[in-house]
Amino acid sequence: MDARDELSIGQVAERSGFTASAVRYYESEGLLESSRDAGGRRRFRRTVLRRLAFIRAASNVGCSLQEIREELDRLPSGRTPNKADWHRISRHWRARLDERIEALEKLRDGLDSCIGCGCLSLGTCRMSNPRDAAASDARAPGAAFLPTALRREDGFHSSATV
Ligand code: FES
C-alpha cells in the first residue's frame, strides 16, 4: 500500500471529525478495515474517510448501525470502492431515503392537524378521528395517520455512537 494512502488512527480522526475511539468502535463492528505496521499500530487506507463520511451521513438521517452495515457490505473489500460501487449503494439507498423524506415532510407539515393518536385535542380530530375511530385502525396503536417511518417502535434514532 502506498504510504501516502496510509493514515494513522490519529490522522483519520483528525480528518474525519470522529474520535479515535469511535473509529476503533466502527472497526470492531466490521464497518472499517485497517492493517498493522511493524510496531502494531493501525494503518488505514485513505478511502476509510469516505466510509466514515457515509456512516455519519447515514446516522444523521437516522439509519441504524445495521442498516449502515448492510449498505457498506455492498462495497468490495480489499479494493478501493469506485464510482460504480458507490452508485450501486446510492440506487439501493434511494428508496430508503425517499421514505424518510416523505416522513419528514409529513412531520413538518402534518403536526398541526389530526394524526390519529387518540388525544382528540384538536378541532380537526372531530372530523378526522371521531370518537377515536383510529383506535381500531390497522395502523394503531399509536398515531395511525402518520407514515410508517414515523410510527416504528425503534424510531429514527441510530444506535451508532459518534
Ligand atoms: S391529534 Fe390526536 S387524535 Fe387527533
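Glu 67 lies in helix α4. This is a predicted model, and its chain is divided into domain 1 (1-110) and domain 2 (112-148). The points below cover Glu 67, the salt bridges, and the two domains.

**Glu 67 and its surroundings**

- With a relative accessible area of 18%, Glu 67 is buried, because the cut-off for buried is under 20%.
- The side chain of Glu 67 reaches back to the main chain: the backbone nitrogen of Ser 64 is 2.6 Å away.
- Apart from neighbours within four places in sequence, the residues in contact with Glu 67 are Gly 62, Trp 93, Arg 96 and Arg 100.

**Salt bridges: the count**

- Side chains of opposite charge can pair when their charged atoms come close.
- The model has seven salt bridges. Three of the pairs are described below, among them Arg 42 with Glu 27.

**Arg 42 and Glu 27**

- A salt bridge joins the side chains of Arg 42 and Glu 27, with 2.5 Å from N to O.
- This pair links distant parts of the chain, with the two positions 15 residues apart. Arg 42 belongs to strand β3 (residues 42-45), while Glu 27 belongs to helix α2 (residues 20-28).
- Arg 42 is partly exposed, at a relative accessible area of 22%.
- Glu 27 is buried, at a relative accessible area of 17%.

**Arg 69 and Glu 29**

- Arg 69 and Glu 29 form another of the salt bridges, and their closest N and O atoms are 2.7 Å apart.
- Here too the pair links distant parts of the chain, 40 residues apart. Arg 69 sits in helix α4 (residues 65-72), and Glu 29 sits in the loop between α2 and β2 (35-36).
- Arg 69 counts as buried, because its relative accessibility is 18% and the limit for buried is under 20%.
- Glu 29 is partly exposed, at a relative accessible area of 29%.
- Helix α4 thus appears twice in this briefing, as it holds Glu 67 and also Arg 69.

**Asp 85 and Arg 88**

- The side chains of Asp 85 and Arg 88 meet in a salt bridge, with 3.3 Å from N to O.
- Both residues of this pair, Asp 85 and Arg 88, lie in helix α5 (residues 83-110). They are three residues apart, which is about one turn of the helix.
- Asp 85 is buried, with a relative accessible area of 3%.
- Arg 88 is partly exposed, with a relative accessible area of 33%.

**The two domains**

- Domain 1 covers residues 1-110 and domain 2 covers residues 112-148.
- Taken over C-alpha atoms, the centres of domain 1 and domain 2 are separated by 39 Å.
- Contact between the domains involves five residues of domain 1 and six residues of domain 2.
- About 420 Å² of area is buried between domain 1 and domain 2, and carbon and sulfur atoms give 56% of this area.
- On the side of domain 1 that touches domain 2, the residues divide into three charged, one polar and one nonpolar.
- Between domain 1 and domain 2 there are zero salt bridges.
- The count of residue pairs in polar contact between the two domains, with both residues at pLDDT 80 or more, is also zero.

Note on methods
Residues numbered from 1 in each chain as written. Predicted model: local features only at pLDDT ≥ 70, side-chain atom pairs only at ≥ 80, totals over all residues. Heavy atoms only, no water. Domains from an automatic or database assignment. Contact = heavy atoms within 4.5 Å. Buried area = accessible area lost by both parts, 1.4 Å probe. Salt bridge = Lys/Arg side-chain N within 4 Å of Asp/Glu carboxyl O. Polar contact = N/O pair within 3.5 Å; in protein donor to acceptor, adjacent residues only side chain to side chain. Nonpolar A, V, L, I, M, F, W, Y, C, P; charged D, E, K, R; others polar. Helix = DSSP H or I, 4+ residues; strand = E, 2+ residues; numbered from the N terminus. Buried < 20%, exposed > 50% of the residue type's maximum accessible area, 1.4 Å probe, protein only.
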